Amino acid sequence: MDDQKMEDSKLFLAETDEEFARKSAYVKMAPFYTKIIKAKYFLEAHGTVAERESKAYDSKEFREYIRKLDEATVEADVLEAKRESAKREVDIWRTLSANRRNG
């Protein structure tokens, strides 16, 4: 591993901090968003509780949110994996550098 690769990894980590935080937060907030959307459409629907719940989950807004959540979850997981790889590369570089200094 060379110094340039380590610098690239550090730069990648710095440049993706905010993006990763935003995607992660979106995914973590999913239970709250789903409850808000469900409640909105549940209150507007008529019928039994089961029918109202079904209508809420079948709303265009809910389906769109689930689609976006799916995309955000995949993007957050992929970004997290790439960030973990970059962190490992920096750690490897540190270990190799320390070994060169000591030996």
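Okay, one term before we start: a residue is called buried when its relative accessible area is under 20%. Keep that in mind, and also that what we're looking at is a predicted model.

Let's begin with helix α1, which runs over residues 3–28. With that cut-off, the buried residues in α1 are M6, S9, L13, T16, F20, K23 and S24. So what sits over them? Part of the cover comes from α4, residues 60–102.

Now, the shape of α1. This helix has 26 residues, and from its first C-alpha to its last it reaches 36 Å, which is close to the 38 Å you'd expect at 1.5 Å a residue. There is a kink in α1, though, of about 45 degrees, and T16 is at its centre.

Let's stay on T16 for a second. T16 has 5% relative accessibility, so it counts as buried. Who does T16 touch, once you leave aside its neighbours within four places in sequence? That would be L79 and R83. Both of those residues are themselves on the list of buried residues in α4.

Next, K23, also in α1. Is this lysine buried or exposed? Its relative accessibility is 19%, and because the cut-off for buried is under 20%, K23 counts as buried. Not counting residues up to four places away in sequence, K23 touches A72, E75 and A76.

So how do α1 and α4 sit against each other? A bit of background: two packed helices are described by the angle between their axes and the distance between the axes. For α1 and α4, the angle is about 150 degrees and the axes are 8 Å apart. That makes the two helices roughly antiparallel, because angles over 145 degrees count that way. And α1 passes α4 in a left-handed crossing.

On to α4 itself. It has 43 residues, which should span 63 Å at 1.5 Å a residue, and the end C-alpha atoms are indeed 63 Å apart, so the two agree. Its buried residues are F62, Y65, L69, A72, A76, L79, R83, A86, V90 and S97. The cover over them includes α1, α2 and α3.

What about a residue of α4 on the outside? Take R100, which is found in that helix. R100 has a relative accessible area of 54%, so it is exposed. Pick Y41 as a reference point: it's 59 residues away from R100 along the chain, and their C-alpha atoms are separated by 64 Å.

Y41 takes us to α2, because that's one of the residues α2 uses to meet α3. On the α2 side you have K38, Y41, F42 and L43, and on the α3 side V49, R52, E53, A56 and Y57. Helix α2 covers residues 30–44 and α3 covers 49–57, and they pack at about 125 degrees with their axes 8 Å apart. That angle makes α2 oblique to α3. Their crossing is right-handed.

Last pair: α1 and α2. How do their axes cross? At roughly 50 degrees, coming within 5 Å. These two are therefore oblique to each other. The residues that meet are Y26, V27 and K28 from α1, with A30, P31, F32 and Y33 from α2.

To recap the pairs: α1 is roughly antiparallel to α4, α2 is oblique to α3, and α1 and α2 are oblique to each other as well.

Conventions
Residues are numbered from 1 along each chain as its sequence is written. This is a predicted model: local features need pLDDT of at least 70, side-chain atom pairs count only at pLDDT 80 or more; totals for chains, interfaces and linings use all residues. Side-chain values use heavy atoms; hydrogens and water are left out. Helices (H or I, at least four residues) and strands (E, at least two) are DSSP runs, numbered from the N terminus. The expected span of a helix is 1.5 Å times one less than its number of residues. The bend at a residue is the angle between axes fitted to the seven residues ending there and the seven starting there. Buried means under 20% relative accessible area, exposed over 50%, partly exposed in between (1.4 Å probe, protein chains only). Contact means heavy atoms within 4.5 Å. Axes are lines fitted to C-alpha atoms, for helices over the stretch in contact, and angles run from 0 to 180 degrees between N-to-C directions. Angles under 35 degrees count as roughly parallel, over 145 as roughly antiparallel, 65 to 115 as roughly perpendicular and the rest as oblique. A crossing is left-handed if the near helix is turned anticlockwise from the far one by less than a right angle, and right-handed if clockwise.
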